[in-house]
Amino acid sequence: MDVPSATPSTTAFGAAVCANHPRREAIGICVACRKQVCGECTTKVDGINYCVSCLAKLAGPDRREQASAAEASPIGGALWLALGTITLTILAWGLLELGAAW
Ligand SMILES: [Zn+2]
Ligand SMILES: [Zn+2]
């Protein structure tokens with residue numbers, strides 16, 4: 001058989017191989033880094049394939065972000081409440097001023 005190969009990495013048999021295991025057949029492509037990965041190296045998240053390293057990257061900052069958001073939310077809420085109160089006060093004063101001018 002003389003089939004032109006379009007895939008970047010193939011075995012001697014012409015099958016796509018895992019980026020981490022050169023002797024294993026790739027069953028999917030990581031959506032994040034486009035690496036071809038085998039069943040052991042791929043993890044499906046919501047039906048989307050991720051390789052091990054991209055999954056680690058995905059899980060790492062996400063957890064930290066959630067933790068910091070939970071920490072910051074009481075302060076953020078108070079700040080927004082204060083800002084809202086100030087805005088309302090300014091608006092009320094503006095309306096009073098308008099009322100006086102009329
Ligand atoms: Zn990846
Ligand atoms: Zn693999």
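Here is a quick tour of this structure, from the overall layout down to a few individual residues.

What you're looking at is a predicted model. The chain has 102 residues, and 15% of them count as buried. Its secondary structure comes to one helix and four strands, and reading from the N terminus you meet them in the order β-β-β-β-α.

**How confident the prediction is**

- Averaged over the chain, pLDDT comes to 79, with 72% of the residues at 70 or more.
- Strand S2 gets the highest confidence, at 94, while helix H1 (residues 52-101) gets the lowest, at a mean of 77.
- A word of caution: where pLDDT is low, the predicted coordinates shouldn't be read in detail.

**Layout and the core**

- If you look at contacts with a separation of 6 or more, residues 24 or more positions apart make up just 3% of them.
- Ten residues form the largest nonpolar core, and Cys18, Cys30, Cys41, Cys51 and Cys54 are among them.
- That core also includes Val17, Ala19, Ala26, Val37 and Tyr50.
- Cys54, one of the core residues, is in contact with Cys30, Ala32 and Cys33 once you set aside its neighbours within four places in sequence.

**The S3–S4 hairpin**

- Strands S3 and S4 (residues 48-51) run antiparallel and are joined by four bridges.
- Across this pairing, Lys44 stands opposite Asn49 in S4.
- Two residues sit between the strands of the hairpin.
- Look for Asp46 in the loop between S3 and S4, where its phi is positive, at about 55 degrees, even though it is not a glycine.
- Asp46 counts as exposed because it has 5 C-beta neighbours inside 10 Å, and 12 or fewer is the cut-off for that label.

**The loop between S1 and S2**

- Two residues to pick out here are Arg34 and Lys35, both of which lie in the loop between S1 and S2.
- Arg34 has a positive phi near 65 degrees, and Arg34 is not a glycine either.
- With 11 C-beta neighbours inside 10 Å, Arg34 is classed as exposed.
- Lys35, on the other hand, counts as buried, because 22 C-beta neighbours lie inside 10 Å and the cut-off for buried is 20 or more.
- Leaving out residues within four places in sequence, Lys35 is in contact with Ala19, Ile29, Cys30 and Cys51; of these, Ala19, Cys30 and Cys51 belong to the largest nonpolar core.
- Lys35 and Asn20 are 15 residues apart along the chain, and their C-alpha atoms are separated by 9.2 Å.

**Cys38 and Arg24**

- Cys38 sits in the loop between strand S2 (36-37) and strand S3 (42-45).
- Arg24 is found in the segment before strand S1 (28-29).
- These two residues touch each other: beyond its neighbours up to four places away, Arg24 touches Cys38 along with Val17 and Cys18.
- From the other side, the list for Cys38 is Cys18, His21, Arg24, Glu25, Ala26 and Ile27, again not counting residues up to four places away in sequence.
- Cys18 appears among the contacts of Arg24 and of Cys38, and it is also a member of the largest nonpolar core.
- Cys38 is partly exposed, with 19 other C-beta atoms within 10 Å, since being buried takes 20 or more.
- Arg24 is partly exposed too, with 17 other C-beta atoms within 10 Å.
- In space, Cys38 and Gly28 are 6.6 Å apart from C-alpha to C-alpha, with ten residues of sequence separation.
- For Arg24 and Gly39, which are 15 residues apart along the chain, the C-alpha separation is 9.0 Å.

Technical notes:
Residues are numbered from 1 along each chain as its sequence is written. Chains are lettered from A and ligands numbered from 1 in the order in which they are written. This is a predicted model: local features need pLDDT of at least 70, side-chain atom pairs count only at pLDDT 80 or more; totals for chains, interfaces and linings use all residues. A nonpolar core is a set of buried Ala, Val, Leu, Ile, Met, Phe, Trp, Tyr and Cys residues joined through C-beta atoms within 7 Å. Two residues are in contact if their C-beta atoms, placed from the backbone, lie within 7 Å. pLDDT is the predictor's confidence in each residue, from 0 to 100. Two strands pair if DSSP finds at least two bridges between them.
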